Each structure stands twice: as C-alpha cells, then as structure tokens.
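Subject: A structure for you to explore

Hi there,

Here is the structure I promised to pass on to you. Have a look at it first, and then read on for what I found.

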Amino acid sequence: MAKGGRYWLVKTEPDVFSVEDWQASKHQTTYWDGVRNYQARNFIRDDMKIGDRVLVYHSNADPTAIVGIATVVKEAYPDHTAFDAKDPHYDPKSDPDNPRWMMVDMRLDQILKNPLTLAELRDTPGLGQMELLRRGSRLSVQPVSATEWRAIAKLGGFKA
DNA sequence: GCCAACGTTGGC
DNA sequence: GCCAACGTTGGC
C-alpha cells in the first residue's frame, strides 16, 4: 500500500447494501456505484487512489454508525449503472462516450466488532471538525483527516 | 444570474 | 413518518 495515502468515509444504507452484504461478496470486493453528487464524484474521480483507507458508514440505519473499514483497490472508471434504464441510479444524461458518474472498487478489510455510533462519535473529543458530524452534512463520499482516522482507529480497536 | 420549486438525504 | 437541510432544475 502506498504511504501517504488518504482517508475517506463512504455511506451506505444497510437496507440496500450492508457491510454484511459486502463481506459476502466475492473477495470482499465491490464497485461503489450510485454516487450521484458532483462533489462526491470529484473525490472519486480525482482523489481516491489505490491503497487509500476507507471508513464504512451505515446511514438510514438503527443505529447509524461506522461499521467497517475498507481499502481502495481500483481507481475511478465509469459507473455503468448510470447507463442502465432499469437501474435505480439510471441517469439518462450520462453519456457512455462522456460518462458523468464514476466509481472505484473497494475491498472490505474488517467489520468492526463494536460499531461506532454517530452519538458516540459526537461525544469524542477531536472529531468536532469531521464532515460527517457537520449539521446537515449529506456528502456520501467524504475525506477524513489522518488525525480523525487515528482517533477513530483507537475507538474502534483497529490498527491505524 | 437569480431564485422558487422540487426531489433527495438522512437523523430522529 | 416527519421534516430540516441540501443540491439541482428550469423559468425568467
């Protein structure tokens, strides 16, 4: 893994694709489709690199929590689900010759034994600046600082 | 370029 | 299920 890699957090709704679903997938690897927000797309397209580490967050869940950690294993390529009229994330404005939406592949490394709930994260000193905790934050792919990553690793009992 | 209307996200 | 916050669309 490249040193100096970046850290990220991605959201998923467990009713749609849970960390358990992910673990059951081949080689614990999946493509991260369905991102339909330009800011998140830009992170995927421009900044996510092989070896970057990723926090996996369950949104619209009970409880909402960081539930796992993952690693980027393939860099940005077109999100083909945008071209599929039957796909829930279909976007007729994404032209296959000039794709609007991108995705990366990620491998799930670990499901946390103790999920870190949103409430718990809010109570953790040093995480005040985290994008996830910002009021009204909706970014589904967001950067995490090295400091935040270390604090969360300590809380979650995984190696930073 | 402004901004109202609309659709979506996501915590609670 | 509610609803606040947000992003996008489209009329002007």
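Before we start, one term: two residues are in contact when heavy atoms of theirs lie within 4.5 Å. Please also keep in mind that this is a predicted model.

**A serine in a loop**

Let's put that term to use on Ser94, which sits in the loop between β4 (65-78) and β5 (102-117). Which residues is Ser94 in contact with, leaving aside its neighbours within four places in sequence? They are Ala82, Phe83, Pro99, Arg100 and Trp101. Arg100 also takes part in a polar pairing: a polar atom of the Ser94 side chain lies 2.9 Å from the backbone nitrogen of Arg100. Is Ser94 buried or exposed? Its relative accessibility is 4%, so Ser94 counts as buried.

**The DNA strands**

Now turn to DNA strand B. The residues that surround this strand are Lys11, Tyr57, Ser59, Asn60, Thr64, Leu118 and Arg138. Of the atoms of DNA strand B that come within 4 Å of the protein, 71% belong to sugar and phosphate. By type, the residues of the surface near strand B are 2 nonpolar, 3 polar and 2 charged.

Three contacts with phosphate oxygens of DNA strand B are good ones to find on your screen:

- For Tyr57, an N or O atom in the side chain is 2.7 Å from a phosphate oxygen of DNA strand B.
- For Asn60, a polar backbone atom is 3.1 Å from a phosphate oxygen of DNA strand B.
- For Arg138, a polar backbone atom is 2.7 Å from a phosphate oxygen of DNA strand B.

DNA strand C has its own surroundings: Asn37, Tyr38, Lys93, Arg135, Gly136 and Arg138. Here sugar and phosphate make up 68% of the strand's atoms that come within 4 Å of the protein. The surface near DNA strand C has 1 nonpolar, 2 polar and 3 charged residues. Which residue has a side-chain N or O atom 3.0 Å from a phosphate oxygen of DNA strand C? That residue is Lys93. You may have spotted that Arg138 is listed around DNA strand B and also around DNA strand C.

**The largest pocket**

Rolling a probe the size of a water molecule over the atoms shows where empty space is left. The largest pocket has a volume of about 840 Å³. It is lined by 29 residues, and those closest to its centre are Lys11, Thr12, Glu13, Ser59 and Ser140. Lys11 and Ser59 also appear among the residues around DNA strand B. Which elements supply at least two residues each to the lining? They include β1 (7-12), β2 (29-31) and α3 (118-122). Sorted by type, the lining has 10 nonpolar, 10 polar and 9 charged residues.

**More loops to visit**

Pro14 lies in the loop between β1 and α1 (19-24). Its relative accessible area is 19%, and because the cut-off for buried is under 20%, Pro14 counts as buried. Not counting residues up to four places away in sequence, Pro14 touches Asp21, His58, Ser59, Asn60 and Ala61. From C-alpha to C-alpha, Pro14 is 24 Å from Tyr77, and 63 residues separate the two in sequence.

The loop between α1 and β2 holds Ser25 and Gln28. Ser25 is buried, at 19% relative accessibility. In sequence, Ser25 and Arg107 are 82 residues apart, while their C-alpha atoms are 9.6 Å apart in space. Gln28 is partly exposed, at 33% relative accessibility. What is notable about the backbone of Gln28? Its phi is near 50 degrees, a positive value in a residue other than glycine.

Asn60 also has a positive phi, of about 50 degrees, although it is not a glycine. Asn60 belongs to the loop between β3 and β4. With a relative accessible area of 60%, Asn60 is exposed. Pro63 is in the loop between β3 (53-58) and β4 too. The peptide bond that leads from Asp62 to Pro63 is cis, with omega near 0 degrees.

Enjoy looking around!

Best wishes

Note on methods. Residues numbered from 1 in each chain as written. Chains lettered and ligands numbered in written order. Predicted model: local features only at pLDDT ≥ 70, side-chain atom pairs only at ≥ 80, totals over all residues. Heavy atoms only, no water. Near = heavy atom within 4 Å. Polar contact = N/O pair within 3.5 Å; in protein donor to acceptor, adjacent residues only side chain to side chain. Nonpolar A, V, L, I, M, F, W, Y, C, P; charged D, E, K, R; others polar. 1 Å grid on protein atoms, 1.4 Å probe; cavity = no way out; pocket = protein on both sides within 12 Å on 5 of 7 lines; lining within 4 Å. Points joined across faces, edges and corners; volume = space filled by probe spheres on them. Helix = DSSP H or I, 4+ residues; strand = E, 2+ residues; numbered from the N terminus. Buried < 20%, exposed > 50% of the residue type's maximum accessible area, 1.4 Å probe, protein only.
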